[in-house]
Amino acid sequence: MDLFDLLEQTKAKEEEIKESETTRGDIIRLNSYVGSRMNTDFRIKNKKIVDFDKKEIQLNEKEEKNIDNKNQCVSCEILESEECTEKLLIIDGSSLLSTSYFARLPRQIMFAKTIEEKEQYYDKILQTKDGVYTNGVFGFMQIMISMIREQKPTHIAVCLDSTRMTFRKLIYDDYKGTRKPIEVPLKEQYTLLREMLETIGVKVFISNPSENYENVYEADDFAGSLAKKFQDNIPVILYTKDEDYLQLVDYNTVVWMNTSKASSMAEDCNIDLKSMKLPNNTFEYTVELLKKVKKLAPKQIIDYKSISGDSSDNIPGIKGLGDTTSIPLLQKYDSLEDIYEAIDGLDDKELKEIANDWKNELGIRNPMKKLVEQKDNAFMSKKLATIKTDIELDLKLDDLKLNIDKKKLQEQLDKYEMKSIKLF
């Protein structure tokens, strides 16, 4: 199929849509469909949309972006750029804060073997004259401001964890049970970061701790709910180093994965990262690139963890089964439910025959005994690995408009002695 065939399909789709009421989401899906087939993203590269009276119209940028020239805020300066198109940047705040914290620790703490030994060197961690730890927040603000300056999002949100005692503890008490306690200098900076962001006008999403855990969510649950709520209206970018987020990749949602392997991954995929203007050490996962790199569709990331588990979150999966088994099975059966539908209720002879078929077709050893014996573990793991996307959030897209108060930002940076951070 060539370009002209695709355009003819597009015209046919327009005629179908013309008869019904059309939403902005319909337009995004249509452009995304053609764009994905042509390896081109019309949502970003073409600010024109097609009206269904066969006329091309240029969106009124001032009206669409609601520019208020009287307000001296970051959004005004960003939106005046000709290259600017609307996009919502959702930052995994817990991931970025912890990464920034550990990246700026003194060597004595990095190589200390016990918490007592680490505590001896806490005074060497970057802090204000008053003893407020700032190394993690410094790195966070430096990267966030750089992304706003270079990648020019028009909307922004930051999602944070408040506790490990979330609703997933009700599913599996040992969830994240292998993690060490959060070090005091890092724990204190969660509060500092939240206060700074809210002071300068960045919306923060975080749960209040609760004794029953029922309505306590993680940062990725808020990120997932925000992405699903607004992706029909605006392209969504999720910035993180947590691969759980890959399940959220969708037709109008990408994941910017912070990883040291970004360059090699881009080379393998024949992608020029410089031309994409991504943050440093960042790889952009789209639906197609996720399939190319991970050999799985976004929804299958959940099923993959259901089988292979996740040691970082202490999700058990099916013990003894890893990538060489889970990925081929999911490529054949699509989901965990489909795998079990194929083997449930079979006798030993029938199971042996299927296992032999798998060996010949998929090249995997017989996993049947583990699959049968650990079925409950697999489905429990799926619940743990699934990011919530339906948290009720009482807000509109305009509530996330980039509207940082530059004066307050400078005051906060001065207050916490971060004067070396370059502003917009």
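Select Glu-150 together with Arg-149: the two form a salt bridge, with the closest N and O atoms 3.4 Å apart. The model on display is predicted. Colour Glu-150 by accessibility next; this residue counts as partly exposed, because its relative accessibility is 45% and the partly exposed class lies between 20% and 50%.

Move on to Glu-361 and Lys-332, whose side chains meet in a salt bridge at 3.2 Å, N to O. To see what this contact connects, display the two helices as ribbons: Glu-361 lies in helix α19 (residues 348-362), and Lys-332 in helix α17 (residues 323-333). The partners are 29 residues apart, and the pair links distant parts of the chain. Keep Lys-332 selected for a moment; with a relative accessibility of 35%, Lys-332 is partly exposed.

The next stop is Lys-388 with Asp-390. Here the side chains meet in a salt bridge with an N to O distance of 2.9 Å. How exposed is each partner? Lys-388 has a relative accessible area of 23% and is therefore partly exposed. Asp-390 reaches 53% relative accessibility and so counts as exposed, since the exposed class begins over 50%.

Finally, select Arg-168, Lys-176, Glu-218 and Asp-221 as one group. Salt bridges with shared partners join these four residues, Arg-168, Lys-176, Glu-218 and Asp-221, into one network. For the overall view, return to the full model and show every salt bridge: the structure holds 19, including the Glu-150 pair with Arg-149 that opened the tour.

Definitions and conventions:
Residues numbered from 1 in each chain as written. Predicted model: local features only at pLDDT ≥ 70, side-chain atom pairs only at ≥ 80, totals over all residues. Heavy atoms only, no water. Buried < 20%, exposed > 50% of the residue type's maximum accessible area, 1.4 Å probe, protein only. Helix = DSSP H or I, 4+ residues; strand = E, 2+ residues; numbered from the N terminus.
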